[in-house]
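Open the structure in your viewer and keep the selection tool at hand. The stops below say what to pick next and what is there.

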Amino acid sequence: MDIIQKLAAEFKVKVSQVENTVQLIDEGNTIPFIARYRKEVTGGLTDVVLRDMDERLKYLRNLEERKEEVIRLIEEQGKLTEDLKEEILKAEVLQRVEDLYKPFKQKKATRASKAREKGLEPLAMVIYAQLLTSGMPEDAAAAYINPEKEVNSAEDALQGACDIIAEMIADDPDLTQEVRDKTFASGLIVTEAVDPEEKTVYEMYYDHQEALAKIPNHRVLAINRGEKEKKLKVKVSVDTEKIHQLIGKTVLKNERSIFYGLLQETIADAYKRLMAPSIEREMRNSLTERAEAEAVKIFAKNTENLLMAPPVKGKKVIAIDPGYRTGCKVAVLDETGKLKAYTTVYPTEPKKDIAGTEAVLKKLVEKFHTDIIVIGNGTGSRETEEVVAGFIKKNGYPIQYTIVNEAGASVYSASKLATEEYPDLDVTTRGAMSLGRRLQDPLAELVKIDPKSIGVGQYQHDINQKLLEGALTGVVEDCVNRVGVDLNTASPSLLSYIAGINMGIAKNIVAYREEHGRFESRKELMKVPKLGEKAFGQCAGFLRIEGGKEPLDATSVHPESYNAARSMMEKLDVDPASIRSGGDASIEKKIKKAYPAKSFAQSVSHLAQEIGIGEMTLTDIIEEMKKPARDPREDAPPVVFRNDVKNFEDLKIDMEMTGTVRNVVDFGAFVDIGVKNDGLVHISQLSDKYVKHPMDVVSVGDTVKVKIISIDYDKKKVGLTMRL
């Protein structure tokens, strides 16, 4: 198999793009670096495409290695034919390679292997040939009776021979694939309750069946969880008669053969004993892998949208981590996220000290001139929100409040990382600080938390953790590198996601900064222990230095392109000082004037040739000159602030509201509409048009208009529609 050609066809790109990309990956370049600084080489492939291509490359290389190994193992047995070798080399999936290898795989003792040891293989071949049309099967088997080998009767001989044939049928790779395909196309997944009287969340699956080919991914994961928790019994059901007929088309060759009935029984035995159990496992595994892959994809996309939420910069914040018995922890942060004060208030049960809470908030607002109050959405959030809204209204302060998803805050606050960062603070105060910083800079704060704990997926704790971890690490890396980080303020957690930097180097950067003071240039990174030339090349463009010696160090322009950038500025009479003062908005006009052409792209092309740099790279440099270190998060929907609160009881059918999408799953989207529980917009209510997946319509963080279509006051559930 030509892997390069195959990747080019699958990804619908040029062969040269794949060749160059594979070479860059093999040289040890990171995906963020390739995506950003090697656009000419890859033809502008995005980080998403590059990651998918990298994963597929690993699979195909693994496939080729397995083919070579299987060919070697069969050859060592002296059983490799040219046809078999060609079949193995033609295989496009690992499953096919394993099917072809199955007849040659060293097995533990089986009924068939024991029958072979008893000398019954020749009889099996006679039966399988189906040439005898007269006499009785026992007559043909009589010659194989051998008490010394425990073949005491013709029936024993026939049984042993049929065991050999059953294994031959089960080991036939083409037949196995046909049965597998038939099972998937027509089979059902059937579930029932372990205890029908028990009330559980799995009641809809107590007597349920669904086509294997059509079951949605989220139901696969729900059924798996129910089975794992021993609440459900699950099996794959298929029309066995049709499967027997399918196998019979290959095995049964002569209706007049004296072995015809015996072979029919053998087919049934081969399927029930040898094929069905493994194919059922394969079907379940296949469904699970598909569902997990989709769940990981959803989780990764939700996490990306959450990480790329716009920061609320330059605001002083009061962050409140709600609670009941132990009270609500309060942390005051300045514009940079530095802790200025912390305390505890008790607006909730059992103390319900509203007057005391308002007095504390009044003191903090007036002393620190805070702009925003942040409330976590956990236990006690609803009651705390009511007190905060009442406090703002009563005092007429020009401040607002917002609710922040606190998923993972407790995990972070009790972590080793949090202890290292704030050894003198207790767990709850660290949690409140984390909530405030999530508003000020979501990306910088959320990278400290295990992505699984961020809470924007479905069944994330049930799925393949290695797969999930790999995907989420990739998402975080892409987000961090897309935004870039300030080299002089970034935490080790944030730095560790920068291309070419691991946690060890990240800690070395911070240690160097603490010992020598702020970095004045990117070149200074080369003095950091264990940060060599290779790592510098990967990371330098993503690390920003504000107010350093070199203006370009504050941009995403890579040091390797500094000479080209300076040459461009010189030719266009762009003042390097403009980089420090917000950029040169007129740079495109200057290019058009200096290099007149039919289109701006042609003007850029002429300039690129003149200064000896790729057009894509030059386009990126031009964008940086227009608005240096532009934050891509500026394009995201703004944070929704409030100054009043709604009670669940205030909600009415047909009420129209504005809300924020908190989570997107297979079956719809959960929207925060200002009450404690998020409302659900089912996939059928997302649009008037057909929606294949909710992610095609909404993303985490989107601000959406919704209308209430159902309310369950007992369960506190709200059904919403976006079909207004």
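Two strands count as a pair if DSSP finds at least two bridges between them. Keep in mind that this is a predicted model.

**Stop 1: an open sheet**

Select strand β5, residues 328-333, together with β6. The two pair in the antiparallel sense, over six bridges. For one position along this pairing, pick K329: T344 in β6 stands opposite.

Now widen the selection to the whole sheet. Five strands make up this open sheet, in the order β6-β5-β4-β7-β8, and the pairing is mixed. Which strands stand at the edges? They are β6 (339-345) and β8 (400-404). Each has a single partner strand, so one side of each is left without a neighbour in the sheet. From one strand to the next, the twist averages 20°.

Add helix α20, residues 427-440. Helix α20 lies across β4 (317-321), β5, β6, β7 (372-376) and β8. Its direction is at about 130° to β4.

**Stop 2: a closed barrel**

Move on to β11-β12-β13-β15-β14. These five strands form a closed barrel, again with mixed pairing. Here the twist averages 50° from one strand to the next.

Zoom in on strand β14 (residues 703-712) and strand β15 (residues 717-721). They run antiparallel and are joined by five bridges. Pick K707, then look for its bridge partner in β15: that is T721.

**Stop 3: two crossing helices**

Select helix α1, residues 3-11, and helix α5, residues 47-76. How do they meet? Their axes come within 11 Å and cross at roughly 140°. That angle makes α1 oblique to α5. The crossing of α1 past α5 is right-handed.

Show the side chains at the contact. From α1, display I3, K6, L7, E10 and F11. From α5, display V49, D52, M53, R56, L57, L60, R61 and E64. Colour them by type: seven are nonpolar, six are charged and none is polar.

**Stop 4: one residue in a strand**

Finish at A193, in strand β1 (residues 188-193). Is A193 buried or exposed? Its relative accessible area is 7%. The cut-off for buried is under 20%, so A193 is buried. Leaving out residues up to four places away in sequence, A193 touches Y206, K231 and K233.

One last distance to draw: from the C-alpha atom of A193 to that of I463. These residues are 270 apart along the chain, and the two atoms are separated by 23 Å.

Conventions
Residues numbered from 1 in each chain as written. Predicted model: local features only at pLDDT ≥ 70, side-chain atom pairs only at ≥ 80, totals over all residues. Heavy atoms only, no water. Helix = DSSP H or I, 4+ residues; strand = E, 2+ residues; numbered from the N terminus. Buried < 20%, exposed > 50% of the residue type's maximum accessible area, 1.4 Å probe, protein only. Contact = heavy atoms within 4.5 Å. Axes fitted to C-alpha atoms, helices over the stretch in contact; angles between N-to-C directions. Parallel < 35°, antiparallel > 145°, perpendicular 65-115°, else oblique. Left-handed = near helix turned anticlockwise from the far one by under 90°. Nonpolar A, V, L, I, M, F, W, Y, C, P; charged D, E, K, R; others polar.
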